[in-house]
Amino acid sequence: MNLQQLRYVVATAEHRTMTDAARSLYIAQPALSRAIRDLERELGMTLFARSGRGVVVTAQGRRVVKLAREALEAVHEIEGLATHGAAAEAELRIASTPTLEPGLAARLLPAYTAEHPGVRVHIVRCDGRDGVVSAIRDQRADLGLTDLPVPPDLVTHPLERQEIVLISPPGLDLPSPVPMARLHGMRLALPPRGTARRRELDAMLGKYGVTPAVALETDERHGWLQAARSGQASLLWYRGMAEQAVRAGLVVRSLDPAVRRVIAVVHARRRLTGIAQDFLSAIERGRAA
């Protein structure tokens with residue numbers, strides 16, 4: 001048994017379907033199923049039993065999953081001790097959605113990097129909240145920045161409550177705030193179909209029976225702003241990220257009813273590395289200031 005197999009076992013137990021587990025691990029589902037079968041043969045026991053379209057952990061499997069989690073956490077802690085002891089090579093990995101990444105870089109990181117110049121911060125870009133959760137669970141990131149809610153196996157440190165606003169080219173005849181119904185048929189720049197963020201926006205708009213006209217599909221937020229500056233489309237963004245839109249001459253309006261999301265730093269329920277704890281302390285001091 002190796003660390004990769006331990007990660008496969010934990011991911012399968014957490015997601016309860018081979019398809020979802022494979023997606024979180026960024027491998028093909030047949031490869032994951034084959035790896036689990038090989039491990040079961042190696043151990044001489046059945047870890048997962050099929051149930052409908054998913055899988056359930058067997059009695060023997062529950063013990064293996066518990067020990068696998070403990071082993072992965074121990075390895076993570078050892079790695080953290082090693083990197084924390086070598087300040088010149090220390091690295092903090094923070095998973096973030098593309099929407100929140102600019103705020104992370106502009107508002108949260110400067111104070112931390114000023115206090116800890118020997119730590120290299122690596123931002124793990126993820127496709128929406130689910131991607132951040134997977135990065136934390138798979139130990140590809142120490143901390144995550146995302147909007148809530150997240151699954152209960154993660155610890156949350158709420159930062160702020162941000163409003164979702166409409167950013168539009170100047171000259172549009174719109175009230176402020178903008179009734180949700182006015183978004184129906186409006187030309188919007190949106191994330192690509194099939195992405196987690198697009199599904200969330202579609203669900204939010206669908207709640208009010210709104211179907212916009214898709215003017216642009218891209219995950220590049222600069223592309224959204226360019227589309228608005230050229231008059232091609234409006235976009236939905238967090239108010240905290242709207243400052244650059246105002247500087248570009250665009251108009252920011254609230255929605256009616258208002259839509260808000262809680263932004264939080266999240267991490268797994270395990271002992272954090274000293275580097276990650278230092279980051280949490282830095283943002284707590286920033287909130288108190």
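**Exercise 1. Orientation of helices α1 and α2**

Task: In this predicted model, classify the orientation of α1 and α2 relative to each other, and state which residues form their contact.

Solution.
Step 1. Helix α1 covers residues 3-15 and helix α2 covers residues 18-25; their axes come within 8 Å and cross at roughly 130 degrees.
Step 2. Angles of 65 to 115 degrees count as roughly perpendicular and those over 145 as roughly antiparallel, with the remainder above 35 degrees being oblique.
Step 3. The pair α1 and α2 is therefore oblique.
Step 4. The crossing of these two helices, α1 and α2, is right-handed.
Step 5. On the α1 side the contact is made by R7, Y8, A11, T12 and H15, which meet M18, D20, A21, S24 and L25 of α2. By class, this contact has five nonpolar, three polar and two charged residues.

**Exercise 2. The place of helix α3**

Task: Determine how α3 is oriented to α2 and to α1, and describe the two contacts by residue class.

Solution.
Step 1. Helix α3 spans residues 29-43, and it packs with α2 at an angle of about 105 degrees, the axes being 8 Å apart.
Step 2. The helices α2 and α3 are therefore roughly perpendicular to each other.
Step 3. From α2, the residues M18, T19, A21, A22 and L25 meet Q29, L32, S33 and I36 in α3. This contact of α2 with α3 has six nonpolar, three polar and no charged residues.
Step 4. For α1 and α3, the axes come within 10 Å and cross at roughly 110 degrees. The orientation of α1 and α3 is therefore also roughly perpendicular.
Step 5. Q5, Y8, V9 and T12 in α1 meet L32, A35, I36, L39 and E42 in α3. The residues of this contact divide into six nonpolar, two polar and one charged.

**Exercise 3. Nonpolar cores**

Task: Identify the residues with the most contacts inside the largest nonpolar core, and the helix that supplies the largest share of this core.

Solution.
Step 1. The largest nonpolar core has 52 residues, and those with the most contacts inside it are L92, L166, L183, L236, L255 and F279.
Step 2. Helix α10, residues 274-288, gives the largest share, namely six residues.
Step 3. Apart from this core lies another, of 18 residues, which includes M18, L25, I36 and V55.
Step 4. M18 and L25 are also among the α2 residues that meet α3, and I36 is among their partners there.
Step 5. Leaving out residues up to four places away in sequence, L92 touches Y112, V119, R120, V121, H122, D142, L143, I275, A276 and F279.
Step 6. As background, nonpolar side chains tend to be buried together in soluble globular proteins.

**Exercise 4. Helix α6 and the residue Q139**

Task: State how many residues of α6 are buried, and what the backbone does at Q139.

Solution.
Step 1. Helix α6, residues 128-137, has nine of its ten residues buried. The buried residues are G128, R129, G131, V132, V133, S134, A135, I136 and R137.
Step 2. Q139 follows α6 and lies in the loop between α6 and β5 (143-147).
Step 3. Although Q139 is not a glycine, its phi is positive, about 65 degrees.
Step 4. The relative accessible area of Q139 is 11%, so Q139 is buried; the cut-off for this class is under 20%.

**Exercise 5. Loop residues**

Task: Which is buried and which is partly exposed, S234 or G118? Which residues are joined by cis peptide bonds?

Solution.
Step 1. S234 is located in the loop between α8 (221-229) and β10 (235-238). With a relative accessible area of 2%, S234 is buried.
Step 2. Not counting residues up to four places away in sequence, S234 touches L166, I167, S168, P169, L172, M186, R187, L188 and A189. One of these, L166, is also listed among the residues with the most contacts in the largest core.
Step 3. G118 belongs to the loop between α5 (101-115) and β4 (120-125). Its relative accessibility is 32%, so G118 counts as partly exposed.
Step 4. A cis peptide bond with omega of about 5 degrees joins S176 and P177; P177 is in the loop between β6 (154-168) and β7 (178-179).
Step 5. Another cis peptide bond, with omega of about 5 degrees, joins D256 and P257. P257 lies in the loop between β12 (255-256) and β13 (259-268).

Technical notes
Residues are numbered from 1 along each chain as its sequence is written. This is a predicted model: local features need pLDDT of at least 70, side-chain atom pairs count only at pLDDT 80 or more; totals for chains, interfaces and linings use all residues. Side-chain values use heavy atoms; hydrogens and water are left out. Axes are lines fitted to C-alpha atoms, for helices over the stretch in contact, and angles run from 0 to 180 degrees between N-to-C directions. Helices (H or I, at least four residues) and strands (E, at least two) are DSSP runs, numbered from the N terminus. A crossing is left-handed if the near helix is turned anticlockwise from the far one by less than a right angle, and right-handed if clockwise. Contact means heavy atoms within 4.5 Å. Ala, Val, Leu, Ile, Met, Phe, Trp, Tyr, Cys and Pro count as nonpolar, Asp, Glu, Lys and Arg as charged, and the others, Gly among them, as polar. A nonpolar core is a set of buried Ala, Val, Leu, Ile, Met, Phe, Trp, Tyr and Cys residues joined through side-chain atoms within 4.5 Å. Buried means under 20% relative accessible area, exposed over 50%, partly exposed in between (1.4 Å probe, protein chains only).
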